[in-house]
Amino acid sequence: MPNFTDFVLETTALRREYRLGREKVVALAGVDIRIRSGEFVAIMGPSGCGKSTLLNLLGGLDRPTSGLVMLDGVNLHDYKEEQLAKLRREKLGFVFQRHDLFPVLTARENIEFPMLLDDQASRLRRDHAMSLLELVGLSDKADHLPDELSGGQQQRVGVARALANDPLILLADEPTGNLDSVSAAELMSMLINLVRGIGLTLVMVTHDAESAAQADRILHLKDGQLEL
Ligand SMILES: Nc1ncnc2c1ncn2[C@@H]1O[C@H](COP(=O)(O)OP(=O)(O)OP(=O)(O)O)[C@@H](O)[C@H]1O
Ligand SMILES: [Mg+2]
C-alpha cells in the first residue's frame with residue numbers, strides 16, 4: 001500500500017489502558033507523534049510513564065485501547081495478528097534491554113534466524129550474518145553461544161539480528177539498560193553510527209541524556225502524555 005504522508009510512523013490520539021482487576025491504569029493517555037523516514041527520535045521520561053507501552057504499540061506488539069498507529073502507510077488497526085507478524089518481520093527491527101537471543105544458537109545462527117523465513121539460500125544467509133557480525137565488530141565471535149559473550153557483545157548480536165531483515169524502522173527499548181557505563185557508551189555510539197550510516201529510522205527509549213542528545217528530536221513522556 002502506498003504511503004500518502006511524509007511520515008513513516010504516525011500516531012493519532014494513541015491511548016492504552018491496562019485493567020488490573022477493578023483498577024484501571026492509563027499507561028498512554030492520547031499521544032500524537034509523527035516520525036519521518038531516517039529520523040532518530042529518542043523517547044525519555046521517568047519510570048512508568050509509558051515509554052515501553054508506546055514502543056510496543058509503535059511496533060505492533062500490542063494493541064491500543066483507542067487511537068491509531070500508521071506504519072509506512074498501513075493502519076495497524078486493520079491488520080490481523082498474522083499480518084502484523086509479517087509486517088514486523090519485514091519492516092521492523094527490535095532491540096530490547098535484555099537480550100533475547102536463543103541460548104542454544106551461536107551468534108551467527110541467532111542473526112540468521114530472522115532470515116530463515118525468507119527463501120534465501122543458506123550460503124547467502126550465512127554471508128549476510130557474517131557481514132552483520134563484522135558491522136558490529138564481532139567477526140571473531142561468530143561461533144560463540146550467547147553465554148560465551150559479554151553483555152555488551154550480546155547486545156551487539158541483538159543489534160545485528162535486528163538489522164538482518166533490512167528493516168525500515170529500528171525500535172530500541174533501553175538497549176544499554178543492562179550494561180556498565182563503558183559498554184553502554186560503546187554500544188550506543190556503534191548503534192547510532194550504524195543507523196546514521198544506513199539512514200535507518202530509529203526510535204529509541206533511553207535514560208541516557210548523552211545518547212538522547214544525539215537524536216534529531218527528544219520526546220519527553222510524563223504520565224502517559226507528551227510534554228511540550
Ligand atoms: N501488562 C500490564 N498490566 C498492567 N499495567 C501495566 C502493564 N504494563 C505496563 N503497565 C503499567 O503502565 C504504565 C506504563 O508502563 P511502561 O512499561 O510503559 O513504563 P516505562 O516508561 O517503560 O517504564 P520503565 O522506564 O520503568 O521501563 C506503568 O504504570 C505500568 O505499571
Ligand atoms: Mg520500559
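The legends below describe close-up views of a predicted model.

**View 1. The surroundings of ligand 1.**
In this predicted model, the shell around ligand 1 is made up of Y18, L20, V25, A27, G45, S47, G48, C49, G50, K51, S52 and T53. Three elements each give two or more residues to this shell, namely β1 (7-20), β2 (23-36) and α1 (51-58). The largest share comes from α1, which supplies 3 residues. Sorted by class, the residues around ligand 1 comprise 5 that are nonpolar, 6 that are polar and 1 that is charged.

**View 2. The hairpin of β1 and β2.**
The strands β1 and β2, which both contribute to the shell around ligand 1, pair with each other in the antiparallel sense over 11 bridges. Together they form a hairpin with 2 residues between the strands, and G21, which lies in the turn, has a positive phi of about 60°. Two pairs of residues can be followed across the hairpin: L9 stands opposite I35 in β2, while R15 has A29 of β2 as its bridge partner.

**View 3. The open sheet of 4 strands.**
The hairpin strands belong to an open sheet of 4 strands, in which the order is β2-β1-β4-β5 and the pairing is antiparallel. Because β2 and β5 (74-75) stand at the edges and have a single partner strand each, one side of each is left without a neighbour in the sheet. As a general point for reading such a view, the strands of a sheet pair through backbone hydrogen bonds, either parallel or antiparallel.

**View 4. The open sheet of 6 strands, with α1 packed on it.**
A further open sheet has 6 strands in the order β6-β7-β8-β3-β9-β10, and its pairing is mixed. Its edge strands are β6 (92-95) and β10 (225-227), each of which pairs on one side only. Neighbouring strands of this sheet are turned against each other by 25° on average, with direction ignored. Helix α1 packs on the sheet, where it touches β3, β7 (169-173), β8 and β9 (217-222), and the direction of α1 makes about 150° with that of β8. Within the sheet, strand β3 (residues 40-44) and strand β8 (residues 201-205) run parallel and are joined by 4 bridges; V41, for its part, has V203 in β8 as its bridge partner.

**View 5. The crossing of helices α5 and α6.**
Helix α5 (residues 151-163) and helix α6 (residues 181-198) have axes that come within 9 Å and cross at roughly 20°, which means that α5 is roughly parallel to α6. The crossing of these two helices is right-handed. On the side of α5, the residues that take part in the contact are G151, G152, Q155, R156 and V159, and they meet S183, E186, L187, M190 and L191 in α6. By class, the residues of this contact divide into 4 nonpolar, 4 polar and 2 charged.

How values were computed:
Residues numbered from 1 in each chain as written. Chains lettered and ligands numbered in written order. Predicted model: local features only at pLDDT ≥ 70, side-chain atom pairs only at ≥ 80, totals over all residues. Near = placed C-beta within 6 Å. Nonpolar A, V, L, I, M, F, W, Y, C, P; charged D, E, K, R; others polar. Pairing = 2+ DSSP bridges. Axes fitted to C-alpha atoms, helices over the stretch in contact; angles between N-to-C directions. Contact = placed C-beta atoms within 7 Å. Parallel < 35°, antiparallel > 145°, perpendicular 65-115°, else oblique. Left-handed = near helix turned anticlockwise from the far one by under 90°.
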